[in-house]
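The paragraphs that follow lead through a single protein chain, passing from individual residues to the elements around them and then to the whole. Please keep the sequence and the structure in view while reading.

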Amino acid sequence: MKNMAVRPYLNRSEVWLASGNFRVAFKFPLDFHPSAFIKWYPGHMAKGLRIMEAKMAKCDCVLEVHDARLPYSGRNEKFVKNFGGRPHILVLNKADLGEGARRGSISKSLERKGIRPVFLNSKDVKQKPIKKIVQQVLDSIQIAEYEGVFRRRNPDQAYHLLVCGLPNVGKSSLINAIRRTYLRKGKATRVGGDPGMTRSVMQKIQICDEPKMYALDSPGITSHQIDTFETGMKLALIGCFPDHMIGQHVIADYLLFTLNKYNQFSYVDLYDLPDPCDDVDIVLRYIACKMKYRTGGGLPDYNAAAVNFISMYRKGKLGTFYLDP
């Protein structure tokens, strides 16, 4: 790149002040259409939303699961407004992929809006937040009843929780983690790395015995309207849409733009680049050569490289940081 000294490797601990050579705004390809962000609202989402709203009356608390890297962006505000005063806990899952130092300020900003956030990683059942989540639910219900904003319909019966949120943020994983923690039982819901794994609102799943508590899993629900291109790309980056609907090359380019924006240059060492780079095609060529991805004609396979690049980010291999400023 221009105005950069070429070095064989870049130590991750170094501060590399090269941002002056990087893009200050992301430009979409000419053939990209914003409708790509709202096409992913298939029939099971619309049906699931109707069922969830109907079953809300029988639920005592809502666990809204969101990706910790996006503590503010992308939440389905329309559905949130339908909680009807019920206790609501915002579970910021995949917290290991965000910068821990900012959790305090994020928690305070959300609490000022009346939201109780819980940071956790549902894949780590030894984490204290998972072990305390049932008590947090009980505390939230007690506070809501004390304040007179909510009253349980059947106080002598088991507790029922509605688990909702965006696609691919770990709702089913959270239910399984709570179930393993309190019941010592295996998973009761399917999990996967693709959005849309849970297709319907399932029957109640027991997650605790003392007190008796059940959870309702639900399909990931996105909004009909994404407010900005930036929000849409952030959601695409964490996997809320099927990658092919946005385009792996576009997501990879936005990922590169984001990494450079936040001075996250671990991709340089990981893929043996000489320096940070702002051209996604150059980066994908390095990745294809590093990983030995080839097309049928023997050329570097840029699509396979883009898939690898995106996957490494989602696994936390390219840095752990928040996408929301």
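S107 belongs to helix α3, which covers residues 103–111, in what is a predicted model. Because its relative accessibility is 15%, under the 20% that marks the limit for burial, S107 counts as buried. Once neighbours within four places in sequence are set aside, the contacts of S107 are with P117 and F119.

A second buried position is found in strand β1, which comprises residues 61–67 and contains C61. The relative accessible area of C61 is 0%, and the residue is therefore classed as buried. Which residues does C61 touch, leaving aside its neighbours within four places in sequence? They are P87, I89, V137, I141, H160, L161 and L162. With one of these, L162, the separation along the chain can be set beside the separation in space: C61 and L162 are 101 residues apart in sequence, yet their C-alpha atoms lie 6.5 Å apart.

H160, which is in contact with C61, also appears in the description of a pocket. The second largest pocket has 17 lining residues, and those that lie nearest its centre are K55, A57, K58, C59 and H160. Its volume is about 300 Å³. Sorted by class, the residues of this lining comprise eight that are charged, five that are nonpolar and four that are polar. As background to such a description, rolling a probe the size of a water molecule over the atoms shows where empty space is left.

From here the path leads to the loop between β4 (159–165) and α5 (171–183), where N168 is placed. N168 is counted as buried because its relative accessibility is 14%. Its backbone is also of interest, since most residues other than glycine have a negative phi, and most peptide bonds are trans. N168 has a positive phi, near 65°, and is a residue other than glycine. The side chain of N168 reaches across to G239, where it comes to 3.2 Å from the backbone oxygen.

G239 itself follows helix α6 and has a positive phi of its own, near 95°. Why can α6, residues 229–237, be described as largely enclosed by the rest of the structure? Seven of its nine residues are buried, so the helix is largely enclosed by the rest of the structure. The buried residues of α6 are T231, G232, M233, K234, L235, A236 and L237, and a lysine thus stands in this list beside residues such as leucine and methionine. The cover over these buried residues includes α7 (243–246), α8 (248–261) and α11 (302–314).

Two further backbone features are found in loops. In the loop between β5 (205–208) and β6 (213–216) lies P211, and the peptide bond that leads from E210 to P211 is cis, with an omega near 0°. In the loop between α9 (266–270) and α10 lies D272, which has a positive phi of about 60° although it is not a glycine. Whereas N168 is buried at 14% relative accessibility, D272 is partly exposed, because its relative accessible area is 32%.

Helix α10, which spans residues 280–291, contains C289. This cysteine counts as partly exposed because its relative accessibility is 41%, whereas C61, with a relative accessible area of 0%, is buried. Between C289 and Y302 there are 9.8 Å from C-alpha to C-alpha, for a separation of 13 residues in sequence.

These positions can finally be placed within the protein as a whole, which has eleven helices and six strands. Of the 325 residues in the protein, 52% are buried. Among the contacts that join residues at least 6 apart in sequence, 70% are between residues at least 24 apart, and the pair C61 and L162, 101 residues apart in sequence, offers an example of a long separation along the chain. The accessible surface of the protein amounts to about 16100 Å², and 51% of that surface belongs to carbon and sulfur atoms.

Methods
Residues are numbered from 1 along each chain as its sequence is written. This is a predicted model: local features need pLDDT of at least 70, side-chain atom pairs count only at pLDDT 80 or more; totals for chains, interfaces and linings use all residues. Side-chain values use heavy atoms; hydrogens and water are left out. On a 1 Å grid over the protein atoms alone, a cavity is a set of points where a 1.4 Å probe fits but cannot get out, and a pocket is an open set with protein on both sides within 12 Å along at least five of seven lines; lining residues have an atom within 4 Å of a point. Grid points are joined across faces, edges and corners, and a volume is the space filled by probe spheres set on the points. Ala, Val, Leu, Ile, Met, Phe, Trp, Tyr, Cys and Pro count as nonpolar, Asp, Glu, Lys and Arg as charged, and the others, Gly among them, as polar. Helices (H or I, at least four residues) and strands (E, at least two) are DSSP runs, numbered from the N terminus. Buried means under 20% relative accessible area, exposed over 50%, partly exposed in between (1.4 Å probe, protein chains only). A polar contact is a pair of N or O atoms within 3.5 Å; within protein, one must be able to donate a hydrogen and the other to accept it, and residues adjacent in sequence count only if both atoms are side-chain atoms. Contact means heavy atoms within 4.5 Å. Accessible areas come from the Shrake-Rupley method with a 1.4 Å probe; for residues, only the protein chains shown count as cover.
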